[in-house]
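Reader: I'm new to this one. Could you take me through a single part of it, up close and in plain words?

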Amino acid sequence: MRFDVFTLLPDVFHPYLASSILQRAHQRGLIDVHVHNIRDWTHDRHHVTDDEPYAGGGGMVMKVEPVFEAVESVLGPSTSASTGSARQLKAACPIILLTPQGRVFTQKVAAELSAHPRLALICGRYEGVDERIRAHLATDEISIGDYVLTGGELPAMILIDAVARLIPGVLGDPDGAADDSHASGLLEYPHYTRPPEFRGWRVPEILLSGDHTKIAKWRREQSLLRTLERRPDLLETAELSEKERKFLIEHGYT
Ligand code: ADE
């Protein structure tokens, strides 16, 4: 899967991409991240990428021309929404603007995006981006949560990480992502590793029992209880059997 990132801070991506599981995924040809500096598509002497907002109001606004030029020169000129073939290209490669005004990024959105062979990510900076980028270039807008960061770079890295680990082969364990918190709509069960006892705190006996049916049942119940305790809102949309609903009601779910 290929990611094309458009940013004014290209250097912040490399240290993380080069020192995580993503580096291994890249070496194995599973992901390919191309980071493009929007400043390379400016034509003035000072390589200006921002300007004052029309009609005033605080802060600076990211200029429209360099962003369009950057994205179009990497993805092809039919990228912009005004052309007929744009829809085809849009379908093949979503152009995602990272913005606190976007739809909220969840595991479900990560799974949806992981089905694409290529994603383009535009990182906003300054107080905002010229509205024409949102209206006529981006095909999707994503927020990583209801808080405001200084730019879209960290959100883009979070998106790449969450999407990449869903690509088959990126995680060492082929089932690695299946049990994750949120993958099933629930929080994940607790994990333990050696030693069996640490400062008097023992690993639950059932995990040492070797009885895989009982362990699977215990894990599912822990997952349900944990979600009930910490994120009861998730239970409204999680896929649950009648038996599981009854179990939750017995434990206080209303
Ligand atoms: N840029 C600034 N804050 C952001 C957020 N919460 N999500 C995505 N992009 C952003």
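Author: Sure, and let's start with a term: a patch gathers residues with over 30% relative accessible area and no salt bridge, joining like charges within 9 Å and nonpolar side chains (Val, Leu, Ile, Met, Phe, Trp, Tyr) within 5 Å. A salt bridge here is a side-chain nitrogen of Lys or Arg within 4 Å of a carboxyl oxygen of Asp or Glu, and accessible areas come from the Shrake-Rupley method with a 1.4 Å probe, where for residues only the protein chains shown count as cover.

Keep in mind that this is a predicted model, where local features need pLDDT of at least 70 and side-chain atom pairs pLDDT 80 or more, while totals for chains, interfaces and linings use all residues. Residues are numbered from 1 along each chain as its sequence is written, and side-chain values use heavy atoms, leaving out hydrogens and water.

Now the part itself. Tyr 147, Leu 149 and Leu 154 make up a nonpolar surface patch, together offering about 290 Å² of accessible area. Leu 149 sits in the loop between β8 (140-143) and α7 (153-164); helices (H or I, at least four residues) and strands (E, at least two) are DSSP runs, numbered from the N terminus. Leu 149 counts as partly exposed because its relative accessibility is 36%, with buried meaning under 20%, exposed over 50% and partly exposed in between (1.4 Å probe, protein chains only).

What about α7? Nine of its 12 residues are buried, so the helix is mostly covered. Among the buried ones are Glu 153, Pro 155 and Ile 160.
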